[in-house]
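Here are a few short exercises to work through with the model open beside you. Try each task before reading its solution.

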Amino acid sequence: MTASSQIPPAIQIEDDRTGVTIPTLRRALADNLYYVLGKPPDGATLNDYYLALAYTVRDRLMQRWMASTHTHRLPTIKQVIYLSAEYLPGPHLGNNLMNLGLYETVQQAVAESGLDLATLLACEEEPGLGNGGLGRLAACFMDSLATLEIPAIGYGIRYEFGIFDQEIREGWQAEITDKWLQSGNPWEIARPEDAVFVKLGGHTEASTDETGCYQVRWIPHQTVKGIPYDTPIPGYRVNTVNTLRLWKAEAPESFDLSVFNHGDYYGAVDQKVISENLTKVLYPNDEPIQGKQLRLKQQYFFVSCALQDLIRTHLAQGGRLERFHEKFAVQLNDTHPAIAIPELMRLLVDDHHVPWDLAWTITQQTFAYTNHTLLPEALEVWSLDLLGQLLPRHLEIIMEINRRFLEDVRLKFPDNGEKMGQLSLIADQPFRSVRMAYLASVGSHAINGVAALHSQLLQKTVLRGFYDLWPEKFLNITNGVTPRRWMLLSNPRLAQLITRRIGDRWIIHLQDLRDLEPLAEDPEFRAAWRSVKQANKQALAQRILERTGIQVNVESLFDVQVKRIHEYKRQHLNVLHIITLYNRLKQNPSLDLVPRTFIFAGKAAPGYVQAKLIIRLITAVGEVINRDPAVGDRLKVVFLPDYNVTNGQPIYPAADLSEQISTAGKEASGTGNMKFALNGALTIGTLDGANIEIREAVGSENFFHFGHKVEELSQLRSQGYDPRRYCDHSPELNRAIHRLESGFFAQGNRDLFRPLVQSLLNDDPYFLMADYLSYLNCQEQVSQAFLNEATWIRRSILNTARMGEFSSDRSIREYAHQVWQVQSVPINLQPYSQSEA
Ligand code: OX2
């Protein structure tokens, strides 16, 4: 046992670091300000106070965190290892206060110290270490794992610059570097003592050792050091505190100047800079990633750090490598960490001399793979050239995995060369490359999609050959969201109303929301529900005014689409509806139109020209409509800049209508759809991703669905889809397109939106034209429904009441039982030193 894994017996824990009375909290805040930050109360900035408060809260997590870490390391306890290149946890302070049950007490203590908790909470820079749904899912899963008391570590990359901040300048997106670390990060603890070394480049040498064993040595060109930074992830009102361990790349400090460029000091410093570049920046998705060597380095770097860390702790605890898979269940969050499969093989076979077949069994038993997308452009492939340069040994291992795998395929399907070509981990076109989804599938014992439709399509399309081989490996686990952040923290008014009526068990058993169903018939409860929604809309209206200068009508229908900007998500279909309403108003100024406020938010990848043009389209349409006196209060179009977790939190509670309008078959699941419905918004949506399951759960009468289904779209496609035909047949669509073409929204500039119009008229790969009419009619039903307040509120309540299955707790329970085979492990705190005895 190493020194670090020994817990000192009976630590004397200072009350000032654990006590939760108001006087103690106030004293702790002042102490941290003075002793940790070195600031006197009168010289402290708001950020200093935020930091002091964060340390005060972190102190109160520490005992639970250390006890959890210690217990989770025990060899008999199986741990979930989540490997994800992205995490979007959102600000920690509010969440940690809530999970510790300290929110109100700390609010009061802070107030008595002359400060305002909301102001301090607003100081926190959120870690934007992800692009969107995939990273946010990882964060919801970390919350649920801890709340369910499941031992878990999330491994990832400590990007110095996360996702860019977005500003809107003259209607366009401008990207600003995210400096989330610049004011200090009180939540992380660096663990330089746990550093590991990662090799890159170079070549391999094969030899036979004295016992006649075949051995391969990898002689790298470069070595980088990985330093782990740990962040505590506390569960809700339990002692479990799991760890998010993010790796930063550094140069190994002991580099020898004579080796590095013959005493070339500056050359050596260059090397240092090159090493540190590795974890500098998060790659925005939706951009061609092919050939980005640094991205492959990032993936390999964090995965290697993680696996080395696991092997080291396992061995230090007296564990045996043959039992690695009994100690750790490793989940691959998409293919970004799939290089873990050959890496574990390398560590076992080359470094620890485990025979190949045994190593392969361990590897397959260890890993499980979640697929998050079927979009062909998002399926990762790495060229053999690049892989061979950067990871020569891994390329050899992948080739050997493929050779053995294809041999099995040949035995199953003799004389079927075509089958072998289809299943090979190596693609030949357009260049020789490794199909990472295939590698992940072959190296895992379980493969899942993230919503029912997505899992079916996965089996029928992208991974069809593997499904035919091993149907038993495949399953669906529909995504979920954590009700702690996405209800309790972000919608306190609704949470309190619910708790007053049905108690608070729903926070950890979301299915309890069912008890709200009968209340949907109670006029008094409906009135209370409506007041909450109105208060939330008022609060959002205030933010909109502050951030955009636009005054919105809180009695209007808040129609909201917030998510990454992407053609398949079809924000521009939403815009076509807005333009149509505007055209109607212009044609008939006295039209009795249900007033709407259209709210958009979301980032476009910096290199995704069409997505950035969609943002410009939204702002341009807003500029015209919001100022047109003929429109008045009836239509408003708002683009809220810089969509992230922090800015998303006040949006979901204020929505009346949730726009989930992706092309059928394109959105794997969606999770924003769940947050909206849980907070009582009604959905207008296609039969795509988790929308289908949400509609089933809330009842089709409480969900507005429209558009072509997946099969219908493939039929359209095979018949030779002609988008212009729809224009010819729909005068309103024709007029809307004409408005765009005419330069009406671009001060007469007919070129500005031409690329969008051309794409819609010429190939319309996402079938906006085909779905337009159905969308329009459906929106008309929405408007009619909104006029009847009592039934709208009733439907809103029923949405919330029936969303229980979309808790990430449910998703995690399914992973735990069906994939990971892990159990809850309650953490004992008292007596501290005897808990492990
Ligand atoms: C997203 C998917 O697009 C989204 O549909 C899903 O809800 C989310 O992952 C979580 O599963 N990058 N982001 C995604 O997939 C990939 C790849």
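## Exercise 1: two packed helices

In this predicted model, Tyr50, Leu53, Ala54, Val57, Arg60, Leu61 and Arg64 of α3 meet Leu93, Asn96, Leu97 and Leu100 of α4.

**Task.** Describe how α3 and α4 cross, and sort the residues of their contact by class.

**Solution.**
- Step 1: Two packed helices are described by the angle between their axes and the distance between the axes.
- Step 2: The axes of α3 and α4 come within 10 Å and cross at roughly 40 degrees.
- Step 3: Angles under 35 degrees count as roughly parallel and 65 to 115 as roughly perpendicular, with the rest oblique up to 145. α3 and α4 are therefore oblique to each other.
- Step 4: The crossing of α3 past α4 is left-handed.
- Step 5: Sorted by class, the contact of α3 with α4 holds eight nonpolar, one polar and two charged residues.

## Exercise 2: a second pair

**Task.** Find which residues of α11 and α12 make the contact, and work out how the two helices are oriented.

**Solution.**
- Step 1: Helix α11 covers residues 340-351 and helix α12 covers residues 356-366; their axes come within 9 Å and cross at roughly 140 degrees.
- Step 2: Over 145 degrees would count as roughly antiparallel. α11 and α12 are therefore oblique to each other.
- Step 3: α11 passes α12 in a right-handed crossing.
- Step 4: On the α11 side, the contact is made by Ile341, Leu344, Met345, Leu348 and Val349, and on the α12 side by Trp356, Ala359, Trp360, Ile362, Thr363 and Thr366.
- Step 5: By class, this contact of α11 with α12 has nine nonpolar, two polar and no charged residues.

## Exercise 3: a third pair

**Task.** Work out how α23 is oriented relative to α30.

**Solution.**
- Step 1: The axes of α23 (residues 609-627) and α30 (residues 754-762) come within 9 Å, crossing at roughly 110 degrees.
- Step 2: That makes α23 roughly perpendicular to α30.
- Step 3: Gln610, Leu613, Ile614 and Leu617 of α23 make the contact with Pro755, Leu756 and Ser759 of α30.
- Step 4: The contact of α23 with α30 has five nonpolar, two polar and no charged residues.

## Exercise 4: the cavities

**Task.** Which residues lie closest to the centre of the largest cavity, and which to the centre of the second largest?

**Solution.**
- Step 1: The count comes to eleven cavities of 30 Å³ or more.
- Step 2: The largest cavity holds about 170 Å³ of space. It is lined by 17 residues, and Pro89, Asn95, Ala139, Asp143 and Ile233 are the closest to its centre.
- Step 3: α4 (92-100), α7 (133-147) and β9 (222-234) each give two or more residues to the lining of the largest cavity. By class, that lining has nine nonpolar, five polar and three charged residues.
- Step 4: The second largest cavity holds about 110 Å³ of space. Of its 14 lining residues, Tyr50, Glu125, Trp180, Gly184 and Pro186 are the closest to its centre.
- Step 5: Helix α3 (residues 46-73) gives the most to the lining of the second largest cavity, with three residues.

## Exercise 5: backbone details

**Task.** Where is Pro430 placed, and where is Glu170 found?

**Solution.**
- Step 1: Pro430 is in the loop between β14 (426-427) and β15 (433-435). The peptide bond from Gln429 to Pro430 is cis, with omega near -10 degrees.
- Step 2: Glu170 is in the loop between β3 (165-169) and β4 (172-176). Although not a glycine, Glu170 has a positive phi of about 50 degrees.

Conventions:
Residues are numbered from 1 along each chain as its sequence is written. This is a predicted model: local features need pLDDT of at least 70, side-chain atom pairs count only at pLDDT 80 or more; totals for chains, interfaces and linings use all residues. Side-chain values use heavy atoms; hydrogens and water are left out. Axes are lines fitted to C-alpha atoms, for helices over the stretch in contact, and angles run from 0 to 180 degrees between N-to-C directions. Helices (H or I, at least four residues) and strands (E, at least two) are DSSP runs, numbered from the N terminus. Contact means heavy atoms within 4.5 Å. Ala, Val, Leu, Ile, Met, Phe, Trp, Tyr, Cys and Pro count as nonpolar, Asp, Glu, Lys and Arg as charged, and the others, Gly among them, as polar. On a 1 Å grid over the protein atoms alone, a cavity is a set of points where a 1.4 Å probe fits but cannot get out, and a pocket is an open set with protein on both sides within 12 Å along at least five of seven lines; lining residues have an atom within 4 Å of a point. Grid points are joined across faces, edges and corners, and a volume is the space filled by probe spheres set on the points. A crossing is left-handed if the near helix is turned anticlockwise from the far one by less than a right angle, and right-handed if clockwise.
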